[in-house]
Amino acid sequence: MQTLKTKVLIIGAGTGGYVAGIRCGQLGLDTVLVDASPGLGGTCLNVGCIPSKAIIHAAGKYETVAKAASDAGTLGITASTPAIDLSKTVEWKDGVVKKLNAGVAALLKKAKVKVIKGWAEFSDAKTCTVKTDDGDIRITAEHVILATGSEPVELPFLPFGGDVISSTEALSLPEVPKKLVVVGGGYIGLELGIAFRKLGAEVAIVEMAERILPLYDKALTDPVAKWLEKHGVQLLLGARAGGFGDGKLNVTDKDGNPMQLDADKVLVTVGRRARTQGWGLENMGVAMNGPFVKIDNRCATSMKNVWAIGDLTGEPMLAHKGSAQGEVVAEIIAGHDRVFDPTTIAAVCFTEPEIVSAGLGPDDVKGRDDVIQAVFPFAAIGRALAIEAGEDGGFVRVIASKSDHRLLGVQAVGQHVSELSNSFAQMLEMGAVLEDVAGTIHVHPTLGEAFHEASLRALGHAIHI
């Protein structure tokens, strides 16, 4: 058996693990990165963020052509009847993923990180055996960074297989299903459900909660619900899914009545769980926080020099959180004084329309009289109207302290608002006050003007409303 000793051993090459590896390499740390996936980049790059946004983009393009092919056309544009070969769309998506896989590999090579393809299993906190195509490798390390990520939750009565699929299989379907039932009305189910509706599938969504996207406030989710209704998506709220067979999904509606939904495919998106099984976590002696690995504000576990980052450490399960944690840990190992203590981690839901939330929301400040809230609609923004983004009820909302006007939270719903998320997070991270946003000259015409106007409105003098 081959043996290796290294300063840093990283398990998992997702957005947390590979970023940690690159930063370790930049800092001159001898680093080994172990990953069993076919391509570097983890869930996000291979079967999550990137491929899903590619399919969502393609679906939007198809919908635009479909509108142009309708009797009335759109924006004065008409077209012939559109068609889609989803297998070719998936081939294009796979090409995007492969290009990014190669990019990550090149960055790790430049940083002199040794990448080993194989499955690692720990016998103790600092020792693992990696099974590779060329035989087993025993690795010992001074520091271990756990970045194993997460995996889709499987329902016992709807096990994955055949026509019951997870988001992974949904992103590689060879053709658009005629009838798709989505179990779970969270962001993954809605993003993909909306995309397949745009591609021409009949879509039904089964959600246990009383409304979609229950982690967001109702004002943010109402425009999405209106889009679903307008486009004929069947929405069953307060409902429970049951077994599936013979092309029919058993469902119990909110009143307790049994019903069946026809389905060519059933997409189960009821959440994700930390990947803690199968690689020897139980042999490492680290403390747990429920289903997650417990860490402090340095991403340190209870075992000395064992660190954990990303989805393995709990909510929010967001790629950019894992990347930021990876940088922090690499710098701590190199001797820098760092902690992971962000003011906010912005979240984006790529539905139709998109949703952004950063910092405190209205439910977080409910009943408080020491805050200011102000909303500015995209319907009053020229750029929004010019790109058909101002007619879906979209808006930007700011929440600030009444005493010193410090921003506490910013939210938005509307087309393309994901591109505003970094501006929202930056202002919150810098401790900006309303006057900082109001005093920044925002480019015209852009959607970002709604952030400016919402801040002006909170100060009592919005211009365009």
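**Backbone exceptions, cysteines and a buried helix**

Cys299 is classed as buried because its relative accessibility is 1%. In this predicted model, Cys299 occupies the loop between strand 18 (292-293) and strand 19. Its backbone is notable as well: Cys299 is not a glycine, yet its phi is positive, near 65°. A positive phi also occurs at Lys112, again a residue other than glycine, with a value of about 60°. Lys112 is placed in the loop between helix 4 and strand 3 (114-117). In contrast to the buried Cys299, Lys112 counts as exposed because its relative accessibility is 73%.

Two cis peptide bonds may be described alongside these residues. One joins Glu315 to Pro316, with omega at about -5°. Pro316 belongs to the loop that runs between strand 19 (306-308) and helix 8 (319-333). The other cis bond leads from His444 to Pro445, where omega is near -5°. Pro445 is part of the loop between helix 11 and helix 12.

Helix 12 (residues 449-458) is largely enclosed by the rest of the structure, because 9 of its 10 residues are buried. The buried positions comprise Glu449, Ala450, Phe451, His452, Glu453, Ala454, Ser455, Leu456 and Ala458. The cover over these buried residues includes three strands, namely strand 22 (371-377), strand 23 (395-401) and strand 24 (407-414), together with helix 10 (421-429) and helix 11 (434-438). Just beyond the end of helix 12, Gly460 adopts a positive phi of about 95°.

Helix 4 (residues 86-110) contains Thr89. With a relative accessibility of 13%, Thr89 falls under the 20% limit and therefore counts as buried. When residues up to four places away in sequence are set aside, Thr89 is in contact with Ile55, Ala58 and Ile84.

The cysteines were examined for disulfide bonding, and 0 disulfides were found in a search of the whole structure. For Cys128, the closest cysteine sulfur is that of Cys24, at 15 Å, so the separation is too far for a bond. Cys128 is buried, its relative accessible area being 0%. Cys49, on the other hand, counts as partly exposed because its relative accessibility is 32%.

At the level of the whole molecule, the protein chain comprises 12 helices and 24 strands. Its radius of gyration is 24 Å, in agreement with the value near 23 Å that a compact globule of 465 residues would have. The C-alpha trace extends over about 70 × 60 × 45 Å along the principal axes. Of the 465 residues in the chain, 51% are buried. Among contacts with a separation of 6 or more, 64% are between residues 24 or more positions apart.

The surface exposed by the protein chain amounts to about 21,600 Å², of which carbon and sulfur atoms supply 52%. The charged side chains number 45 positive and 54 negative, and the centres of these two sets are 4 Å apart.

Conventions: Residues numbered from 1 in each chain as written. Predicted model: local features only at pLDDT ≥ 70, side-chain atom pairs only at ≥ 80, totals over all residues. Heavy atoms only, no water. Helix = DSSP H or I, 4+ residues; strand = E, 2+ residues; numbered from the N terminus. Buried < 20%, exposed > 50% of the residue type's maximum accessible area, 1.4 Å probe, protein only. Contact = heavy atoms within 4.5 Å. Rg over C-alpha atoms; globule rule 2.2 N^0.38 Å. Areas by Shrake-Rupley, 256 points an atom, 1.4 Å probe, with all protein chains shown as cover. Lys, Arg positive; Asp, Glu negative; His and termini not counted. Charge placed at Lys NZ, Arg CZ, Asp CG, Glu CD. Disulfide = S-S within 2.5 Å.
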